Amino acid sequence: MSDGAPLLSLTGVNTHIGPYHILQGVDLEVRRGGLTMLLGRNGAGKTTTLRTIMGMWHASAGNVRFDDADITAWATPDIARAGIAYVPENMGIFADLTVRENLLLAARSGPIDDARLRWIFGLFPALEKFWPLTAGVLSGGQKQMLSIARAIIEPRKLFLIDEPTKGLAPAIIGNIIAAFSELKKSTDTTILVVEQNFLFAKSLGDAVAVMDNGRIVHTGAMAELAADRDLQHRLLGLHLDQHQ
Amino acid sequence: MSAGKTFKLPARRRDIAPLLLVPLLALAALPLIGSFSTWVTLTLAGVAMGMIIFITASGLTLVFGLMDVLNFGHGAFISIGAYAAIVLVPLVSGLMQADSIAANLGALMALIAIAMLVTGVLGYAFERIIVMPVYGQPLKQILVTVGGMIVAEQLIIAIFGPVQIVLPLPTAFRGSLVFGDVAVERYRLIAVAVGLVIFAAMLLVLNRTRLGLLIRAGVENGEMVEALGYHIRRLFVGVFVAGSALAGLGGVMWGFYREALTPRMGMDVMVLAFIVVVIGGLGSVGGCFIGALLVAVTANYAGFLAPKLALGSNILLMALILLWRSRGLYPVTRR
C-alpha cells in the first residue's frame, strides 16, 4: 500500500437499500497514489460501497471523507466535482450519443485537451475508429474502454471503477490490463477497483481490501494475498489455479 | 491508430421506418378520400394541427423522459397561455386589426411572448411547489399534478367565466389562399411555420449545444449524468420551465386555431399530447414530432371518412403503434 495520508476513508459506514441492510460498518482507507483492489464474493457489498462513496445511496451511519472533506451527505454531482470519477458496473454509456459526445460530456472544464485525447487513443485505439459513431454500436469491450476513457478524459484525484472485466473476452481484458498499467505509470491518480477476476486484481493491485457480508474483513498488500493461497481460499473461496 | 484498409466502420443506425408513416398514411388516404383538393385541405389542416400539438407535447416528452415525472398539470399551462394572451389582446388590437402582415405578426409575437413569460414563471413555481416534493413517487405525482390542473381550471373559470371566449384572428391571417381547387387557410400556414421553427430550434439546441447534450444524456441515464458532475435537477427545472412556456405558446396557437378559448381547452389538448408522447417514445423530440403529425392527420382523415370513428381514431392509432413498437417510435429512455 502506498505511503501517506488516506485520500479516501470510510469509517463505520452503514447503508440501507429499502429494507435491506447492505453495508454494516465498512472501515476502509485508500491511500494517495496506486491502485487498491476491493474484492469479495457476489453480494458482499462492493458495488454498494462505491455507490455510497459517490452519494448515489447515502450512508445511514458512519462517514465518508475524501481529500480532507466530509462528503457523506454531499450530492453526487458535488462529489464528482470534488475530483472523483466513477465507472459503474453497467458502464453507464450513453448509447444514443456518439463516442465523441460521451467524452465531450465528461470533459466538464471545456473542450477536450488534444494531448489528453491522443493519450487516450493510445490506450484505447478503437475509440478513435469509432469516434463519430453512436456508442450503442460498440461491443461490450469497446463500451468498457469508452467508460474508462470518459473517466480519465480530465485529470481526477480518484477513480472508482466497478468490475471493469465483467463479461469481457480474455483478449479485451488483456487490453484493459495494459491500459490500467499505463494509467498507473502515466498519472498520479489514485484508483479503487471493484473486481471479481482475481488474476486481473493480482496483476494490477498495489493494495487490497476484501469484503464479506457488508464489512471489510481484510486489508493489506495485494502481493501478500497473491502469495497466500490459504488466505485466498479463506477470504474469497477460491484457489488461483481454479480461477480464470 | 490508423484504420486498416479492410476495416469497416459499423453503419450508424438510421431508423427511417417511422419517418415514412405520415407520407404512407397520406398516400393511403388519397384514393379513399377521392378528391385531390379535399385531400390536400385535410392533409394541410392535419399538419397544422399536428404542429400545434407538437409544440404542446415537446416539453412534456422531455419532462417525462428526463425525470420520470408524470405531469398531468401540463394542460393547465396550455389554458393559462391562451388566457394570458387574451388579457393582452386589447393592448395589441390595433396591430391585430391593421391590414399589414408585419403588424399582425408583431401582435402575434407579442401575445406569444407574454403567454410564454407567464407560463414559464408559473411553470417554475409549479415545479418548486408541487412537483419537487413528489419526485420518484408516480402515484403522488398524478394526484398533485391533476390537482394543480383542476385548481388552474377553476381559477380560470372564476376569473374569466365558464363560457367560451372568442379569440379573433389578426386580419391578415383570416381567410384562405387558393391554389387551383385547393384552398389553404392562412393561419394554418402560420401554424406550420411556427411549428417548424420550434422543431428546428429544439433540434439545434439538442444536437448542437452542450445543454442539449446534457438533456439527451439525462433522458437516457440521469444518474450517470450526475456521476459526471452535473446537477440534473437544476437542468430539469430549466426543461420544466421551457416545457411550460412551450405549452403556453401552444395554448395561444391552439386558441387562434379554434378562434375561441374555453377553460377546458388545456385538458382537451393535453390528452392528445399524452397520446403523442407515448406514440413518439418517452423523451424523443423527433418521435414527438412524427407522433403529433400522425395523430392530427389521422384524426382529420377519420373525421372525414368515418366521423363515428374519429373520437377513437387516436386511441386506435396508439394501440397499433404500440403493437408495432412497444416503447414508441423512437424511444430514448430505457424504461
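**Entry 1: a loop residue of chain A**

I began with Asn213(A), which lies in the loop between strand 9 (207-212) and strand 10 (215-221) of chain A. This is a predicted model, and I keep that in mind for each entry below. The phi of Asn213(A) comes out near 50 degrees, a positive value in a residue other than glycine. I noted beside it that most residues other than glycine have a negative phi. Asn213(A) counts as partly exposed, because it has 13 C-beta neighbours inside 10 Å, where 20 or more would make a residue buried and 12 or fewer would make it exposed.

**Entry 2: the loop before helix 3 of chain A**

I then looked up Met91(A), which is found in the loop between strand 6 (84-87) and helix 3 of chain A. Met91(A) also has a positive phi, of about 75 degrees, although it is not a glycine. Is Met91(A) buried or exposed? I find 22 other C-beta atoms within 10 Å, so Met91(A) is buried.

Pro88(A) is found in the loop between strand 6 and helix 3 of chain A as well. With 21 C-beta neighbours inside 10 Å, Pro88(A) counts as buried. I also checked a pair that is distant in sequence: Pro88(A) and Ser147(A) are 59 residues apart along the chain, while their C-alpha atoms are 8.4 Å apart in space.

**Entry 3: the four-stranded sheet of chain A**

Next I traced an open sheet of four strands in chain A, whose order is 2-1-4-5 and whose pairing is antiparallel. Strand 2 (20-31) and strand 5 (69-70) of chain A stand at the edges with a single partner strand each, so one side of each is left without a neighbour in the sheet. Helix 1 (residues 46-53) of chain A packs on this sheet, where it touches strand 1 (6-17), strand 2 and strand 4 of chain A, and its direction makes about 70 degrees with that of strand 2 of chain A.

I went through two of the pairings in turn. Strand 1 of chain A and strand 4 of chain A pair in the antiparallel sense over five bridges, and in strand 4 of chain A I find Val64(A) opposite Leu10(A). Strand 4 (residues 61-66) of chain A pairs with strand 5 of chain A, again in the antiparallel sense, over two bridges. Across that pairing, Arg65(A) stands opposite Asp70(A), and Phe66(A) stands opposite Ala69(A). Strand 4 and strand 5 of chain A form a hairpin with two residues between them, and Asp67(A) in the turn has a positive phi of about 55 degrees.

**Entry 4: Pro6(A)**

Pro6(A) is found in strand 1 of chain A, and I recorded it as partly exposed, with 18 other C-beta atoms within 10 Å. Which residues does Pro6(A) touch, not counting residues up to four places away in sequence? The list is Glu29(A), Val30(A) and Arg31(A). For Val30(A) I also took the C-alpha separation from Pro6(A), which is 5.3 Å for two residues that are 24 residues apart along the chain.

**Entry 5: where chain A meets chain B**

I counted 24 residues of chain A in contact with 22 residues of chain B. On the side of chain A that touches chain B, helix 2 (76-81), helix 3 (99-106) and helix 5 (125-129) of chain A each supply at least two residues. By residue class, that side of chain A divides into 15 nonpolar, three polar and six charged residues.

**Entry 6: chain B as a whole**

Chain B has eleven helices and four strands. Its radius of gyration is 21 Å, close to the 20 Å that the globule rule gives for 335 residues, so I note chain B as being as compact as a globular protein of that length. Along the principal axes, the C-alpha atoms of chain B fill a box of roughly 65 × 50 × 40 Å. Of the 335 residues of chain B, 52% count as buried, and among contacts between residues at least 6 apart in sequence, 78% join residues at least 24 apart.

**Entry 7: the largest nonpolar core**

The largest nonpolar core has 191 residues, and those with the most contacts inside it are Ile53(B), Val276(B) and Val295(B). Helix 2 (residues 36-67) of chain B gives the most to this core, with 19 residues. I followed Val295(B) further: leaving aside its neighbours within four places in sequence, Val295(B) is in contact with several residues, including Gly50(B), Ile53(B), Leu272(B), Val276(B) and Leu317(B).

Definitions and conventions. Residues are numbered from 1 along each chain as its sequence is written. Chains are lettered from A and ligands numbered from 1 in the order in which they are written. This is a predicted model: local features need pLDDT of at least 70, side-chain atom pairs count only at pLDDT 80 or more; totals for chains, interfaces and linings use all residues. The radius of gyration is taken over C-alpha atoms; the globule rule is 2.2 Å times the number of residues to the power 0.38. Two residues are in contact if their C-beta atoms, placed from the backbone, lie within 7 Å. Ala, Val, Leu, Ile, Met, Phe, Trp, Tyr, Cys and Pro count as nonpolar, Asp, Glu, Lys and Arg as charged, and the others, Gly among them, as polar. Two strands pair if DSSP finds at least two bridges between them. Axes are lines fitted to C-alpha atoms, for helices over the stretch in contact, and angles run from 0 to 180 degrees between N-to-C directions. A nonpolar core is a set of buried Ala, Val, Leu, Ile, Met, Phe, Trp, Tyr and Cys residues joined through C-beta atoms within 7 Å.
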